[in-house]
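User: I'm new to this one. Can you walk me through it?
Analyst: Sure, here it is.

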Amino acid sequence: MIHPVVMAGGTGSRLWPLSRQLNPKQFLKLTDQHLSMLQLTVARLDGMESADPLLICNEDHRFLAAEQMRQAGYKDARIILEPCGRNTAPAIALAALQLVKNIDENQNPLMLVLAADHLIKDIAAFQSGIQKAIPLAQQDRLVTFGIVPGHAETGYGYIQQGPKLADDCFSVSRFVEKPDQKTAEEYFASGDYLWNSGMFLFGARTYLQELQKHRPDILAICQAALDDASEDLHFTRVNESVFAECPEDSIDYAVMEKTDNAAVVALDAGWSDIGSWSALWEVSEKDSCGNAFSGDVIAHNTESTLVRADSRLVATVGVKDLVIIETKDALLVAHKDQVQDVKKVVERIKNDGRHEHMNHREVYRPWGVYDSIDNGHRYQVKRITVKPGAKLSVQMHHHRAEHWIVVSGTAKVTNGEESYLVTENQSTYIPVGQIHCLENPGVIDLELIEVQSGSYLGEDDIVRFEDRYGRS
């Protein structure tokens with residue numbers, strides 16, 4: 001039995017403006033119209049003898065991750081919440097410690113460590129590679145999966161193959177950093193090097209033993225943080241103050257480059273980490289002119305261009321080798337050769353005190369979604385959708401009043417001491433300082449328009465008195 005561990009952290013800043021800090025690329029539908037990158041990751045396990053996936057994600061993404069796992073068929077997905085990012089070695093340690101908790105000390109469950117934001121086109125080849133790795137992991141090998149390179153790539157680390165252990169399986173001679181172009185060409189020509197995919201298979205206790213040997217400080221802090229964890233719904237919250245003291249380190253640096261038991265399985269499965277817009281263009285279906293379009297696009301005399309239109313018509317005339325990404329609140333136009341610098345734009349947005357790096361205009365909540373459709377001095381207009389049976393927190397605002405107009409469905413409104421229903425084409429008013437709550441008692445989505453007015457309209461002007469989702 002394999003225990004999949006899916007690492008769903010990270011922000012994917014190079015895929016801005018689609019990827020945002022509170023809605024990063026692993027939760028986006030980048031390569032599939034219906035499934036996010038996370039959902040594709042767990043879907044490619046179908047048909048294998050494996051346990052339900054264990055997720056590791058950021059505290060800020062907990063409801064997004066839980067909802068997407070629910071949509072994928074895992075109603076009560078197990079999710080470990082990291083209060084802060086400390087790279088892959090501690091994250092995997094938390095998962096390993098969780099897997100060996102409360103089981104016999106002679107048991108060594110096999111962990112299949114996957115990233116939530118990778119694309120793998122050939123599922124059969126991927127699953128075949130895992131089957132080849134299982135005997136090595138059962139022999140206490142720490143197995144990584146190396147991607148058979150299709151070209152000389154400078155954006156990935158490499159693994160040099162050592163002596164052959166079995167079909168497509170080798171000991172690891174060495175790990176090497178991202179090379180320059182000349183070195184990458186030498187690696188590719190030699191046939192001895194594989195791209196480092198960041199996927200692994202090993203026994204949970206095997207990993208913990210190697211971590212104890214090479215980075216006992218990381219293991220000790222992770223153990224202490226998990227020992228003092230709290231259970232909230234199906235989330236495991238490790239102790240924040242303890243985990244914050246953990247050193248940041250990758251599994252490659254902390255363990256894989258130091259262990260004597262590393263092995264690599266060569267994998268040729270149409271893999272990509274979708275690390276940039278040019279990488280997405282490369283794996284996308286293209287027309288006869290080399291264009292990859294998504295959304296409402298009209299193109300004339302356009303070649304080798306990626307266009308993603310999320311909310312309006314995008315027209316191109318006489319352009320080549322561009323990336324054009326349109327969202328409701330931002331537009332990116334970049335040359336395909338320069339997309340690695342998109343993260344510099346994100347840094348500029350942060351430094352300028354703007355908010356477009358944090359979230360989209362459309363924001364997902366555990367109860368539904370809201371879209372900030374207009375705003376100005378002392379007012380803001382939102383379109384709000386509340387899922388059937390969902391309830392917002394019992395709350396109060398110090399600086400704003402709210403007007404609610406129901407468009408469809410039925411709202412149950414708590415307004416001070418009163419509780420009443422508001423149906424289609426009806427409205428209600430929540431004064432400043434009034435304790436209130438909104439609930440959908442029906443079986444269809446509740447849609448309403450909210451008009452906020454007041455001296456301050458920030459999302460932090462919320463005093464919560466009761467919340468079924470554990471928010472404070």
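User: Let's begin with strand β4. Is it enclosed or not, and why?
Analyst: Strand β4 (residues 110–115) is largely enclosed by the rest of the structure, because 6 of its 6 residues are buried. Buried means under 20% relative accessible area, exposed means over 50%, and partly exposed is in between (1.4 Å probe, protein chains only). Strands here are DSSP runs of E with at least two residues, helices are runs of H or I with at least four, and both are numbered from the N terminus.

User: Before we go on, what kind of model is this?
Analyst: This is a predicted model: local features need pLDDT of at least 70, side-chain atom pairs count only at pLDDT 80 or more, and totals for chains, interfaces and linings use all residues. Residues are numbered from 1 along each chain as its sequence is written, and side-chain values use heavy atoms, with hydrogens and water left out.

User: Back to β4. Which residues sit on each side?
Analyst: L110, L112 and L114 are on one side. M111, V113 and A115 are on the other. Both faces are covered. In a regular strand the side chains alternate between the two faces of the sheet.

User: What does β4 pair with?
Analyst: Strand β1 (residues 2–7) runs parallel to β4, joined by 6 bridges. There, V5 has V113 as its bridge partner. Strand β9 (residues 193–203) pairs with β4 in the antiparallel sense over 4 bridges. M111 is partnered with F202 in β9. Two strands pair if DSSP finds at least two bridges between them.

User: Switching topic. What does UniProt list for residues 353–467?
Analyst: The UniProt record, an unreviewed entry, lists "domain: Mannose-6-phosphate isomerase type II C-terminal" for them. Annotations of this kind may be inferred rather than shown by experiment. In the model, that stretch is 0% helix and 56% strand. Its end C-alpha atoms are 30 Å apart.

User: Which strands make up the open sheet of 6?
Analyst: The order is β20-β21-β22-β29-β24-β27, with antiparallel pairing. β20 (362–365) and β27 (427–430) are the edge strands, each pairing on one side only.

User: How many bridges join β22 and β29?
Analyst: β22 (residues 379–386) and β29 (residues 446–454) share 8 bridges. One of the partnerships is I384 with L448.

User: Any backbone oddities? Where is the cis peptide bond?
Analyst: The bond from W16 to P17 is cis, with omega near 10°. P17 is in the loop between β1 and α1 (37–43). Two non-glycine residues also have positive phi: D140 at about 65° and R378 at about 70°. Most residues other than glycine have a negative phi, and most peptide bonds are trans.

User: Where does D140 lie?
Analyst: D140 is in the loop between α4 (123–138) and β6 (142–147). D140 is partly exposed, at 39% relative accessible area. R378 lies in the loop between β21 (368–376) and β22, and is partly exposed too, at 45%.

User: Last topic, aromatics. How many pairs are there?
Analyst: The whole structure has 8 aromatic pairs. Rings of Phe, Tyr and Trp (its six-membered ring) pair if their centres lie within 6.5 Å; planes under 30 degrees apart count as stacked, over 60 as edge-to-face and the rest as tilted.

User: Why is the Y158 and Y187 pair called tilted?
Analyst: Their planes are at 55°, so the pair is tilted, and the centres are 5.1 Å apart. Y158 is in strand β7 (residues 158–166) and Y187 in helix α5 (residues 181–190), 29 residues apart. Y158 is buried at 1%, and Y187 is buried at 11%.
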